[in-house]
Structures are given as structure tokens and as C-alpha cells.
Protein chains: 2
Amino acid sequence: MEFQMSAADTRGQIVEAADRLFYERGFEATSFGDISSVTGLSRGNFYYHFKTKDEILEAVIERRLVDRSAMIRAWEGGQPADRISRFIEILLVNQTKIMAYGCPIGTLCVELSRLGHAAAPASVGLFGLFRDWLRRQFEALGRSEDADALAMHVLMRSQGVATLAATFKDEDFVRREVDDLKTWLAAQAPVAP
Amino acid sequence: MEFQMSAADTRGQIVEAADRLFYERGFEATSFGDISSVTGLSRGNFYYHFKTKDEILEAVIERRLVDRSAMIRAWEGGQPADRISRFIEILLVNQTKIMAYGCPIGTLCVELSRLGHAAAPASVGLFGLFRDWLRRQFEALGRSEDADALAMHVLMRSQGVATLAATFKDEDFVRREVDDLKTWLAAQAPVAP
DNA sequence: GACAATCTAGGTCAATTGTCCTAGAGCGGT
DNA sequence: ACCGCTCTAGGACAATTGACCTAGATTGTC
């Protein structure tokens, strides 16, 4: 190579490629050869930046945590119900990818949980991020009593839509369920303004 | 071996073990060595009964189709709403396994769809089985107009509950969502008897 | 009891896996 | 120009993978 990249850039490149591949193919199904092909970096180079494949997974989870935190932060404006709506609309914004690969968080959690992987709890933390945030929105909506249950309900329906979208690849279904979920949401406010 | 099993028994033993392992670990993550350990049969023996690993997968899908068809047939008694309730209650009956490995159909469909596996459409057929059956129940319930959409809605919520159950392993959540889904179901009948 | 068909065990094969090692290229400071 | 540190490439490693092969054990039929 003529020009050497800074270590941080290379590391970021690896994590970015791994993030995408872990989503599209799954963690176990993604090999170092795959990441090597995508990044153009040699396999041996990975072991300067990471000791094991599991360490790359940790970095990917951390990257997603940062990314999703920023996403949530960008939703701060507007009423609580509008913020929840933005979460629901991820299903439309990322529709193409979801129909092809499912939900990046849900699929990862199930895969890691199933294999009893050490990083499984960390991946659940990704869900926890949205769960806590949704709970706070429902609290702000005046539903402090069952805020967490409502948050789980929204997560549940998002996951269900993502799974069936990846299975049947039906755009109308996604649109319909997003509308239905929004209708449900509108009925959750205990008082009208 | 002292006693030779009939070919059908051996084949069935392989498919049964593969069915369980494909569920618990996933298709790709399950090796011939794993199936060999569980069944006590030699690796080489598999290739007398199946040409490839994909052929075992086809047999597993076929086995599940037969199994789920029988399950559905056993629900024939009672009112349409009661039958749909039995479907919903799978989440409680198989709660332990679902909390450990997710839904056997949903996880398989997503894995095969993601990898672009040739057997992906066949696995979607497993969903189709329940989808069609649920649609017929909603038609019998007097909801011919949107019967399929209602069927997909029930499937969607089941998948969502299964995914979050496998993620958070929260029994109360499952119980709560099953109750909620039944409440929703009770509100779907256009006329009371 | 002998024979042919059916079934099984175990070995071998090339390919791929995650991991490790080392030579050396690129870089910043002197 | 030199040196030491950071970074990279490419090969080697043992282990595991799905697939294939073949000798022989078991079985049913005559």
C-alpha cells in the first residue's frame, strides 16, 4: 500500500463492514474472509486491531449503541406521541433492508441468545436502549403506571412486523401494520389536549 | 451395531435430531457432527439417506409441515374464535422453548431468507399454513373482507412476542401479551351470538 | 445356508474456518 | 539520514466443515 491509513480509520472500516455483514448474513455466517473482501484489508491485519472475532462483535454492538443513541437524540423535538411515531416509522424508512434481512437488533439478539454467546447480554442492551426511551415517552404521555408494558408492546409489534416483512416481503402489509400501530398509539393518550 | 434399524427409522431419527438442532442452533450452525452426536449414527451414514445437507433441511421442513398440519387439525372443535385462541396459546404451551430459542418457524424463515437459501420459499410455506388457516377462521368469524390482514396481524404479534421472549426471557411479558391479543381477538367479532 | 440388496461405519478429501506469526513497509522524531 | 514505533500483508497453523468412498455388516429371499 502506498499510503498508510490511521489506525482509527482502519479499525472503523473493519467495524463498519462487520456491522453490515453481521446484519445481512448473521454473526456466525460472516467470516474474516468476507470482511477482508469488503474492506480490502488483509485477514492478518484484523488481529492487530482485535484479538478475536468476538472482540469485533463487541465493537459492532458498541457502534450500534452509539448510532442508535444518536438516532434517538435526533427525535427529541415534538410531543411524546410524535416521538414514538418516529420510532414506528423506522419500519418504513428502512423498509427495503428490513424486508431483506429483518431487524438488525432482533436478529442479532436471537442469534446470540440461541448460541449462548457471551455478548448476548450486550446485544439485549441495544433493545434496552429503545425500551427505556419508549418507556419515558409513555410516561410523558401520562401512562406512568404501565409505561414499560406499553414500551414492550411497541417493541413487540415492531419485531413482529420486521419478521413477517422479511418472510413475506409484502410492502402493503408493512404499511397497514404501521398505520394500525399508529392508530393504537393515538388511543393510548389518557387525555386529549 | 448388533441390530440394524429399518431404513425408515434411521431416516426419521436423523430428521428428528436435525429438526431439534436446526431449531435450537439454526441451520448453518448445525453440523453433521452435531447430528451424529445426538443420534449416535456415523457421519457417513447420513449420505446414504440424504445426498446433501440441504436435503436434510427439506426433510425437516416437510416434517414440520406434517406436524403443524396435524396440530391445526386437532383444533377443529369449537368456535372460530376458540380455535384462534388455541393458536395464540402456543406461546404459553411452548413458552420455555420459545424463551430459549424463539419461534422455530420465524427463526428458520429469517435465516434462510437472509442467506438466499433455495429452501427459503418452502420454509415460508410453513407460515403460509398458519396464515391460510387463520384466514379461514376469521372468514368463519364473519370478517371475509379483511380476513387475511387479520391473520397476518395475529401472526405478526406472535412473532413479536416470540422474539422479545427470546430476548428478555420475561414470563410476565408473554402472559400479558397473550391476554392482550385475546382481548383484541374478542373485539374482532362483528356480531355477538 | 447361500446370495443379492440394503444399510452402516469409518476413513479420506479439499475447502474453509479463526487464530497466530513474522517480515517489512510507512511514519514521526531526532 | 537514521531509528524506533505503528501498522499491514501474507503465509502457516490446527481444527472443522460438507462431501465422498469403500469395505463390510445386516437383512430378507430363495
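Phe138(A) makes many of its contacts well away from its own stretch of sequence. Setting aside neighbours within four places, Phe138(A) touches Ile84(A), Arg143(A), Ser144(A), Ala147(A), Leu150(A), Ala151(A), Val154(A), Trp184(A) and Leu185(A). The model is predicted. Phe138(A) also belongs to the largest nonpolar core, which has 120 residues. Phe87(A), Phe138(A), Phe87(B) and Phe138(B) have the most contacts inside that core.

**The interface of chains A and B**

On each side, the contact takes in 40 residues: 40 of chain A meet 40 of chain B. The area buried between the two chains is about 3200 Å². Carbon and sulfur atoms give 67% of that area. Three residues of chain A stand out: Arg114(A), Met156(A) and Phe168(A) supply 23% of the area that chain A buries against chain B, more than any other three residues.

How many salt bridges does the rule find across the interface of chain A and chain B? The count is zero. Polar contacts do occur there: 10 residue pairs between chain A and chain B, with both residues at pLDDT 80 or more.

Six helices of chain A each give two or more residues to the side that touches chain B: H1 (7-25), H7 (95-101), H8 (104-114), H9 (120-140), H10 (147-168) and H11 (171-186). H10(A) gives the largest share, 14 residues. By type, the residues on this side of chain A divide into 19 nonpolar, 10 polar and 11 charged.

**Salt bridges**

Over all chains, the whole structure holds 22 salt bridges. Three of them are set out here.

| Salt bridge | N to O distance |
|---|---|
| Asp19(A) and Arg63(A) | 3.0 Å |
| Arg68(A) and Asp67(A) | 2.9 Å |
| Asp132(B) and Arg135(B) | 3.9 Å |

The pair Asp19(A) and Arg63(A) links distant parts of the chain. Asp19(A) lies in helix H1 of chain A, and Arg63(A) in helix H4 (residues 53-73) of chain A, 44 residues apart. The pair is also part of something wider: Asp19(A), Arg63(A) and Arg64(A) are linked in a network of salt bridges.

Is Asp19(A) buried or exposed? Asp19(A) has a relative accessible area of 12%, so it counts as buried, the cut-off being under 20%. Its partner Arg63(A) is partly exposed, at 36%.

In the bridge of Arg68(A) and Asp67(A), the arginine is the buried residue, with 14% relative accessibility. Asp67(A) is partly exposed, with a relative accessible area of 41%.

The chain B pair sits within one helix. Asp132(B) and Arg135(B) both lie in helix H9 (residues 120-140) of chain B, three residues apart, which is about one turn of the helix. Asp132(B) is partly exposed at 34% relative accessibility. Arg135(B) is partly exposed too, at 24%. Neither residue counts as buried, because that class needs a value under 20%.

**Asp179(B)**

Where does Asp179(B) lie? Its place is in helix H11 (residues 171-186) of chain B. Asp179(B) is partly exposed, with a relative accessible area of 37%. From Asp179(B) to Ala189(B) is 10 residues in sequence. In space, the two residues are 17 Å apart, C-alpha to C-alpha.

Conventions
Residues numbered from 1 in each chain as written. Chains lettered and ligands numbered in written order. Predicted model: local features only at pLDDT ≥ 70, side-chain atom pairs only at ≥ 80, totals over all residues. Heavy atoms only, no water. Contact = heavy atoms within 4.5 Å. Buried area = accessible area lost by both parts, 1.4 Å probe. Salt bridge = Lys/Arg side-chain N within 4 Å of Asp/Glu carboxyl O. Polar contact = N/O pair within 3.5 Å; in protein donor to acceptor, adjacent residues only side chain to side chain. Helix = DSSP H or I, 4+ residues; strand = E, 2+ residues; numbered from the N terminus. Nonpolar A, V, L, I, M, F, W, Y, C, P; charged D, E, K, R; others polar. Core = buried A, V, L, I, M, F, W, Y, C linked by side-chain atoms within 4.5 Å. Buried < 20%, exposed > 50% of the residue type's maximum accessible area, 1.4 Å probe, protein only.
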